[in-house]
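Work through the following exercises with the sequence and the model at hand, trying each task before reading its solution.

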Amino acid sequence: MILSIDTCLGASSVAILDGDMVRAARSEPMTRGHQERIAVLAREVAGQAGVKFADLTRIAVTVGPGSFTGLRVGLSFAKGLATALSIPCVGVNTLEALAGSVDAKGLVAGVLDAKMGQVYLQVFDGGKALMAPDALEVGVAAARLAELWSGGPATLVGSGASLVADVLPDATVVTLAYPDPAAIARLAAARPSPSHSPRPLYLRAPYAVAPAA
């Protein structure tokens with residue numbers, strides 16, 4: 001029984017996966033206020049599913065890339081709940097979560113608009129990662145996609161999908177604002193128990209920097 005949590009992008013999302021069955025799932029679009037909402041949402045979804053927190057065997061949580069504040073909110077809540085329940089907490093990055101949110105064959109890329117002329121990119125084929133998640137200039141990301149594509153169907157998923165779509169003109173573009181929480185739970189279910197708590201995935205430094213001394 002897995003509870004998944006996502007606060008990295010444009011929503012607070014929770015799902016409960018029982019084996020292969022999604023018992024309940026909900027996503028509430030928001031760009032701020034995750035901290036006030038996520039614990040309440042988790043309780044509501046658990047109630048909808050008829051599940052107590054004590055029934056859970058694993059927590060899944062997105063670790064970024066995404067909002068610096070949002071991902072910390074989700075991670076803190078997930079790790080705190082996992083510690084209280086003495087169950088594993090599994091991290092899932094948002095790019096693989098986006099790619100896992102679509103039912104598509106062939107090449108699937110999670111692409112987030114990172115602003116400042118960059119995207120966050122990770123590419124998969126048949127569920128296998130072809131590259132590590134990375135922050136790249138848009139042109140470099142497009143070139144990487146072209147390099148990794150070996151023909152056949154291609155799907156680009158996420159807020160940055162349209163920025164690199166020209167390099168694969170026949171690709172399907174899916175501009176999801178946030179991943180499916182059930183996909184996050186499924187990805188976490190397929191992994192062995194981790195040896196350590198999940199850590200945030202920062203692909204570039206925050207904008208704010210300390211003033212020089």
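**Exercise 1. Backbone exceptions**

In which loop is S86 found? Locate it, then examine the phi angles of S86 and K115 and the peptide bond between G64 and P65.

Solution. This is a predicted model, in which local features need pLDDT of at least 70 and side-chain atom pairs count only at pLDDT 80 or more, while totals for chains, interfaces and linings use all residues. Residues are numbered from 1 along each chain as its sequence is written, and side-chain values use heavy atoms, with hydrogens and water left out.

Step 1. S86 is found in the loop between α2 and β5 (89-92), where helices (H or I, at least four residues) and strands (E, at least two) are DSSP runs numbered from the N terminus. Its phi is near 60°, a positive value in a residue other than glycine. S86 is exposed, with a relative accessible area of 67%; here exposed means over 50%, buried under 20%, and partly exposed in between, with a 1.4 Å probe and protein chains only.

Step 2. K115, which is not a glycine, has a positive phi of about 65°. K115 belongs to strand β6 (residues 107-115) and is exposed, at a relative accessible area of 51%.

Step 3. The peptide bond joining G64 and P65 is cis, with omega about 0°, and P65 lies in the loop between β4 (58-62) and α2 (68-85). As background, most residues other than glycine have a negative phi, and most peptide bonds are trans.

**Exercise 2. From I2 into the core**

Is I2 buried or exposed? Continue from I2 to the largest nonpolar core.

Solution. Step 1. I2 is placed in strand β1 (residues 2-6) and counts as buried, at 7% relative accessibility. Not counting residues up to four places away in sequence, I2 touches A15, I16, L17, L56, R58, A60, A185, A188 and A189, contact being heavy atoms within 4.5 Å.

Step 2. The largest nonpolar core (a set of buried Ala, Val, Leu, Ile, Met, Phe, Trp, Tyr and Cys residues joined through side-chain atoms within 4.5 Å) has 38 residues, and those with the most contacts inside it are L3, I5, V14, I16 and I59. The largest share of this core, 7 residues, is supplied by α2.

Step 3. Apart from this core lies another, of 18 residues, among them L121, L136, A154 and A165.

**Exercise 3. Empty space**

Which residues line the largest cavity, and which lie nearest the centre of the largest pocket?

Solution. Step 1. On a 1 Å grid over the protein atoms alone, a cavity is a set of points where a 1.4 Å probe fits but cannot get out, whereas a pocket is an open set with protein on both sides within 12 Å along at least five of seven lines, and lining residues have an atom within 4 Å of a point. Grid points are joined across faces, edges and corners, and a volume is the space filled by probe spheres set on the points.

Step 2. The largest cavity holds about 50 Å³ of space and is lined by P65, G66, F68, L71, Y120, L201, Y202, L203 and R204. P65 is thus met again, as the residue joined to G64 by the cis bond.

Step 3. The largest pocket contains about 460 Å³ of space; among its 16 lining residues, G66, S67, D113, A114 and K115 lie nearest its centre. The largest share of this lining, 4 residues, comes from β6.
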